[in-house]
Amino acid sequence: QVHPVESGGDSVQAGGSLTLSCAASGYTYNRDCMGWFRQAPGKEREGVAVIFTADGTTTYDNAVKGRFTISRDNADAKGTLYLRMSSLQLEDTGMYYCAGGFKGLYGACTRFPSDFAYWGQGTQVTVSS
């Protein structure tokens, strides 16, 4: 089993903050692209943020740029992945998934869900007014 495990989802009020965690399981995801994705009810899964674990390069969806921060704790033996979210909006509501095992070109991380092989079960984030 190489599926990551997410945690940290919760219900928060708009404007609030939340940090999601993703623990690797059975795979270290070094020199890999890892990402956070979300899926709202009735919508397709979308890439929120990705990081190239070899050098820390990150990319974000425009909707979350400046509000969300993806990071990885390389000092942690498990290489836990984080998504720090602030100024949360109603539109941020959804199931958040962690993914790794990038299938594309080395170092050229994308935010396309189909480019990732290993997925967690997701953690729910609900933002209310």
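## Arg67 and its surroundings

In this predicted model, the side chain of Arg67 reaches the backbone oxygen of Ser87 at 2.9 Å. Arg67 lies in the loop between strand 6 (57–60) and strand 7. The relative accessible area of Arg67 is 11%, and the cut-off for a buried residue is under 20%, so Arg67 counts as buried.

Ser87 also appears among the residues in contact with Arg67 when neighbours within four places in sequence are left aside. The others in that set are Arg84, Met85, Ser86, Leu88, Gln89 and Asp92.

## The largest nonpolar core

Met85, a contact of Arg67, is one of the residues with the most contacts inside the largest nonpolar core. Trp36, Leu83 and Tyr96 are also named in that group, and the core has 23 residues. Seven stretches of the chain each supply at least two residues of this core: strand 3 (18–23), strand 4 (33–39), strand 5 (46–52), strand 7 (68–72), strand 8 (81–85), strand 9 (94–102) and strand 11 (123–128).

Not counting residues up to four places away in sequence, Met85 touches Gly16, Ser17, Leu18 and Leu20. Arg67, Phe68, Tyr96 and Val125 are touched by Met85 as well.

## The second core

A second core, separate from the largest one, has 10 residues. Among them are Cys33, Val50, Phe116 and Trp119.

## The disulfide of Cys22 and Cys98

The chain has 2 disulfides. One of them joins Cys22 to Cys98, with an S to S distance of 2.0 Å. Cys22 is in strand 3 and Cys98 in strand 9, so placed that the pair links distant parts of the chain, 76 residues apart.

The torsion about the S-S bond of Cys22 and Cys98 is about -70°, and therefore this disulfide is left-handed. Cys22 and Cys98 are both buried.

## The disulfide of Cys33 and Cys109

Cys33, a member of the second core, is joined by a disulfide to Cys109, with an S to S distance of 2.0 Å. Cys33 belongs to strand 4, while Cys109 sits in the loop between strand 9 and strand 10 (116–119). This pair links distant parts of the chain, 76 residues apart.

The link of Cys33 and Cys109 is left-handed, with -85° about the S-S bond. Cys33 and Cys109 are buried. With bonded cysteines counted along the chain, the disulfides follow the pattern 1-3, 2-4.

Conventions:
Residues numbered from 1 in each chain as written. Predicted model: local features only at pLDDT ≥ 70, side-chain atom pairs only at ≥ 80, totals over all residues. Heavy atoms only, no water. Core = buried A, V, L, I, M, F, W, Y, C linked by side-chain atoms within 4.5 Å. Buried < 20%, exposed > 50% of the residue type's maximum accessible area, 1.4 Å probe, protein only. Helix = DSSP H or I, 4+ residues; strand = E, 2+ residues; numbered from the N terminus. Contact = heavy atoms within 4.5 Å. Disulfide = S-S within 2.5 Å. Polar contact = N/O pair within 3.5 Å; in protein donor to acceptor, adjacent residues only side chain to side chain.
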